[in-house]
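Thanks for coming. I have one structure to go through today, so please have the sequence and the model open.

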Amino acid sequence: EGAAAGNRAAARDTLSASRKHHLATARAFLTGENLERCQETVEGYFRELGSMITGLALLREITPRSRDQILSFAERLSTLLIAHRAWERGLDAELLDTREFVKTDDSFGHAVPIEEVTNRLVGERVKPARGRIIVAQGFIASTLEGITSTLGRGGSDYTATIIGAALGAEEVQIWTDVTGVMTADPRVFKQATTIPRI
């Protein structure tokens with residue numbers, strides 16, 4: 001938003017703080033070559049993101065499509081860190097890019113999955129196995145042309161159910177910090193209540 005408003009300094013400061021946070025997180029629980037590989041990828045993501053922010057500042061405009069591309073970095077960075085932590089602990093983990101198999105229309109910001117294509121691609125790319133942890137992003141997807149899209153609010157839970165359905169899973173578990181779907185964020189609105197039926 002700062003970049004689109006032409007406030008390059010604020011945008012650079014936000015980007016720099018986010019970069020430092022992710023690198024510090026990596027250093028806090030990764031070591032050796034695993035840490036080096038993670039840091040290299042994080043730096044690459046932030047170079048790409050920095051270029052996008054510069055473009056927004058020059059254009060002084062943010063479109064739903066460019067917003068989706070920028071928002072995708074949060075999921076990509078967090079899953080990268082989670083996968084590297086799993087590898088650090090010697091776990092059998094596989095990091096997948098959800099954009100390769102969850103395909104949507106081009107309603108950027110609230111894209112709708114294309115079920116037939118997504119089901120086929122999930123079956124081809126997501127290979128669960130006993131003892132293997134599959135790490136994949138929620139919330140983000142891509143169009144048939146490969147342009148990053150997002151599923152909107154609740155998109156991470158939605159992604160889990162899309163993948164679970166495509167795999168014919170018996171169960172999908174959603175872990176959250178609230179007792180169900182609420183009328184608002186209870187950390188912000190104390191009067192928020194759980195919706196009994198949705």
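Let me start with a question: does Arg99 count as buried, partly exposed or exposed? Arg99 counts as buried, because its relative accessibility is 17%, and the cut-off for buried is under 20%. Before going further, I should say that this is a predicted model.

Arg99 has a charged partner. Asp97 forms a salt bridge with Arg99, and the closest N and O atoms are 2.7 Å apart. Asp97 itself counts as partly exposed, at 21% relative accessibility.

Asp97 also leads to the next residue I want to show, since Asp97 is among the contacts of Gln137. Gln137 lies in the loop between strand E3, residues 133-135, and strand E4, residues 140-143. Gln137 counts as buried, because its relative accessibility is 5%. What does its side chain reach? There is a polar contact of 3.0 Å between the side chains of Gln137 and Thr79. The Gln137 side chain also reaches the backbone oxygen of Leu96, at 3.2 Å. If we leave aside neighbours within four places in sequence, the contacts of Gln137 are Glu75, Arg76, Thr79, Leu95, Leu96, Asp97, Thr98 and Thr159.

Stay in that loop for a moment. Phe139 is also placed between E3 and E4. Phe139 is not a glycine, yet its phi is positive, at about 75°. As background, most residues other than glycine have a negative phi. Phe139 is buried, with a relative accessible area of 18%.

There is another positive phi to look at, and it takes us to helix H2. H2 runs over residues 32-59, which is 28 residues. From its first C-alpha to its last, H2 reaches 41 Å, close to the 40 Å expected at 1.5 Å a residue. Right after H2 comes Arg60, with a positive phi near 55°. Arg60 sits in the loop between H2 and H3. Unlike Phe139, which is buried, Arg60 counts as exposed, at 55% relative accessibility.

Which residues of H2 are buried? They are Asn34, Leu35, Cys38, Val42, Tyr45, Phe46, Leu49, Gly50, Ile53, Leu56 and Ala57. The cover over the buried residues of H2 includes helix H1, residues 8-29, and helix H3, residues 64-88.

Tyr45 in that list deserves a closer look. How many aromatic pairs does a search of the whole structure find? The search finds one. The pair is Tyr45 with Phe73, edge-to-face, 6.1 Å centre to centre and with 80° between the planes. Tyr45 lies in helix H2 and Phe73 in helix H3, so the pair ties together parts that are 28 residues apart in sequence. Both rings belong to buried residues, Tyr45 and Phe73.

Arg76 comes back here, having appeared among the contacts of Gln137. The charged end of Arg76 sits over the ring of Tyr45, 4.7 Å from the ring centre. That charged end also sits over the ring of Phe73, at 4.3 Å from the centre. So at this spot the picture has Tyr45 and Phe73 paired, with the charged end of Arg76 over the ring of Tyr45 and over the ring of Phe73.

Back to salt bridges. How many does the structure hold? The structure holds nine. Besides the one I opened with, I will show two.

One of them joins the side chains of Arg19 and Glu43, at 2.8 Å from N to O. This pair links distant parts of the chain, with Arg19 in helix H1 and Glu43 in helix H2, 24 residues apart. Arg19 counts as partly exposed, at 28% relative accessibility. Glu43 is partly exposed too, with a relative accessible area of 23%.

The other is between Arg132 and Asp92, where the closest N and O atoms are 4.0 Å apart. Here too the pair links distant parts of the chain, 40 residues apart. Arg132 is in the loop between helix H4, residues 115-125, and E3, whereas Asp92 is in the loop between H3 and strand E1, residues 93-95. Arg132 counts as partly exposed at 30% relative accessibility, and Asp92 is partly exposed with a relative accessible area of 43%.

That is what I wanted to show. Questions are welcome.

Key. Residues numbered from 1 in each chain as written. Predicted model: local features only at pLDDT ≥ 70, side-chain atom pairs only at ≥ 80, totals over all residues. Heavy atoms only, no water. Helix = DSSP H or I, 4+ residues; strand = E, 2+ residues; numbered from the N terminus. Expected span 1.5 Å × (residues − 1). Buried < 20%, exposed > 50% of the residue type's maximum accessible area, 1.4 Å probe, protein only. Contact = heavy atoms within 4.5 Å. Polar contact = N/O pair within 3.5 Å; in protein donor to acceptor, adjacent residues only side chain to side chain. Phe/Tyr/Trp six-rings, centres within 6.5 Å; stacked < 30°, edge-to-face > 60°. Lys NZ or Arg CZ within 6 Å of the ring centre and 35° of its normal.
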